[in-house]
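The following exercises ask you to read a structure step by step, with a worked solution after each task. Please try each task on the coordinates before you turn to its solution.

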Amino acid sequence: MTKARKTQIVVVGGGAGGLELATRLGSHFGRDAFDILLVEKNRTHIWKPLLHEVAAGSLDANLDEVGYRSHGHAWGYRFFYGAMEGVDLASRHVLIASILDEDGREIMGRHSIRYDYLVLAVGSVSNDFGTKGVAQNCIFLDSRLQADRFRSKLLDHCLRVSRTLSRNPDAADAVVRVDIVGGGATGVELAAELYNSAAELRHYGLEVFDESRLKVTLIEAGPRILPALPEELAKAAHEELEALGVRVVTGEQVVEATPEGMITKSGELIRADLRVWAAGVKGPDFLAGLGLEATRSNQLVVKPTLQTTRDERIFAIGDCAWFVPEGEQRAVPPRAQVAHQMAAIAFYNIRAMIGGKALKDFVYRDHGSLVSLSHFSTVGSLMGNLIGGRMAIEGRLARFVYVSLYRMHLIAIHGWLKGLVLIVVARVNHIIRPRMKLH
């Protein structure tokens, strides 16, 4: 007797939207008649808005990461380790690149995975806009690996300065200089978090090092930082950063990155030991060659149902999707809340397609924007279009809401019981474990 072929739903990308969607699909459909596959090039998941804390060393990603294999076993989907490089639209196969080990030896050759429904949730990568020297001389914060690399380099520089000061306490040039390009949430949050980490290092063997030995410059090409926030909140964040010691440069475009620092359009060389590029995002380059409609920034154009315009069996959600709501001129922003909302609609519409029912249009509900300045402050605006305006918040309330966003993500991927347990465990770890990850 011939075994019935299972309906195969493939989700590519295990970020906030992709992992939440795979969890919902696996939990709903089970393994009997359906095969839910999550394809991801990393073995573990870390919530992307936390990467600036990983980079600064104030968050141990080993405690917060989620292993895809064990999570998939618990929630009814299969995890496939690999990186997508293309799609065969005619035969409905996802093309997976060869998998190599750290020595460059092939683990698994190039192959393909069949799909009946495909969801692309591959997120975004930093966009250097072709700026000279950026790819060679800057660090991006798109992944856990890049964040770990920055933290390692940062600790090396801090140790070098501490050693210099132990020999010559009056060494005026014994400082760690960090240039951050991009005054959006990532750049601002990283700048503040670095000062939090620098203040903590004195408790972990670098007694002569403190935040006064850290020189951070935040460079923004626009007229102000945090353009997504109301002007008064952006101004408050600007003032808070300067109070910490950050040099905030606005209205200045970086035209070249060198090993010595950033060269601006006005000709200034802003020297730095570490250079971080956080000035913009785009879709991964391979999206432009799939045969699907894409923008100049490699994002896939989707219909209100989140189906791609050229193939109704392919959905795109999160940062890699380009969707302009009716009556609006701008696409929805690349935020975690958008990925979360899109995952919910994609889940509904895939079930509707399978059941022969009408699909639902995606309606973006702007819950506002929040930016954390480490433990120093948090600023943001809440509710957005839910109440026809914005409510500005700062301080402890803003911090509580900011932390709650991550807790909501934990509950979405683990369920209420385990999610709440993990929240409690995280709080206990915050009390009993070191505040800095130094290895």
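A crossover is called right-handed if, with the strands pointing away from the viewer, the path from the first strand over the helix to the second runs clockwise. The model to which this will be applied is a predicted one.

**Exercise 1. The chain as a whole**

Task: State how many helices and strands there are in the protein chain, and what percentage of its residues are buried.

Solution: The count of elements in the protein chain gives 10 helices and 27 strands. Turning to accessibility, buried residues make up 51% of the 439 residues. As a last step, take the contacts with a separation of 6 or more in the protein chain, of which 63% are between residues 24 or more positions apart.

**Exercise 2. The surroundings of β2**

Task: Determine which strands pair with β2 and in which sense, parallel or antiparallel, and find whether the residues of β2 are buried or exposed.

Solution: Begin with β1, which pairs with β2 in the parallel sense over 6 bridges; in this pairing Val10 stands opposite Leu37 of β2. The handedness follows from the definition given at the outset: β1, α1 and β2 make a right-handed β-α-β unit.

Next, consider strand β5 (residues 78-81), which runs parallel to β2 and is joined to it by 4 bridges, with Val39 standing opposite Phe80 in β5.

For the accessibility, recall that in a regular strand the side chains alternate between the two faces of the sheet. Both faces of β2 are covered, since Phe34, Ile36, Leu38 and Glu40 on one side are buried, and Asp35, Leu37 and Val39 on the other are buried as well. With 7 of its 7 residues buried, β2 is therefore largely enclosed by the rest of the structure.

**Exercise 3. The nonpolar cores**

Task: Identify the elements that give two or more residues to the largest nonpolar core, and name the contacts of Leu21 beyond its neighbours within four places in sequence.

Solution: The largest nonpolar core has 54 residues, and those with the most contacts inside it are Val10, Leu21, Leu25, Leu118, Leu120, Ile317 and Met342. Two or more residues of this core come from each of β1 (7-12), α1 (16-29), β2 (34-40), β6 (84-88), β7 (93-96), β11 (117-120), β23 (311-316) and α9 (336-355). The largest share, 8 residues, is given by α9.

For Leu21, once the neighbours within four places in sequence are left aside, the contacts are Val11, Val119, Ile317, Ala343, Ala346 and Phe347. A second, separate core has 53 residues, among them Leu154, Phe209, Ala234 and Val248.

**Exercise 4. Cysteines and disulfides**

Task: Find how many disulfides the model has, and decide whether Cys138 is buried or exposed.

Solution: The test is whether a pair of cysteine sulfur atoms lies within 2.5 Å, and by this rule the count comes to 0 disulfides. As to accessibility, a residue is buried under 20% relative accessible area. Cys138, with a relative accessible area of 6%, is therefore buried, and Cys320, at 0% relative accessibility, counts as buried too.

**Exercise 5. Asn137 and Thr186**

Task: Describe which residues Asn137 touches, and give the C-alpha to C-alpha distance between Thr186 and Gly280.

Solution: Asn137 lies in helix α5 (residues 134-137) and, at 18% relative accessibility, counts as buried. If residues up to four places away in sequence are not counted, Asn137 touches Ala257, Thr258, Pro259 and Arg275. With Ala257 there is also a polar approach, in which a polar atom of the side chain of Asn137 lies 3.0 Å from the backbone oxygen of Ala257.

Thr186, found in helix α7 (residues 185-200), is partly exposed, with a relative accessible area of 40%. Thr186 and Gly280 are 94 residues apart in sequence, while their C-alpha atoms are 9.9 Å apart in space. Under the exclusion of residues up to four places away in sequence, Thr186 touches Leu141 and Ala278.

**Exercise 6. Positive phi values**

Task: Locate the loops that hold Leu226 and Asn298, and give the value that phi is near for Leu226 and for Asn298.

Solution: Leu226 is in the loop between β14 (214-220) and α8 (231-244), where its phi is near 50°, a positive value in a residue other than glycine; at 3% relative accessibility, Leu226 counts as buried. Asn298 belongs to the loop between β20 (281-282) and β21 (300-301), has a positive phi near 70°, and counts as buried at 10% relative accessibility.

Terms used: Residues numbered from 1 in each chain as written. Predicted model: local features only at pLDDT ≥ 70, side-chain atom pairs only at ≥ 80, totals over all residues. Heavy atoms only, no water. Buried < 20%, exposed > 50% of the residue type's maximum accessible area, 1.4 Å probe, protein only. Core = buried A, V, L, I, M, F, W, Y, C linked by side-chain atoms within 4.5 Å. Contact = heavy atoms within 4.5 Å. Pairing = 2+ DSSP bridges. Polar contact = N/O pair within 3.5 Å; in protein donor to acceptor, adjacent residues only side chain to side chain.
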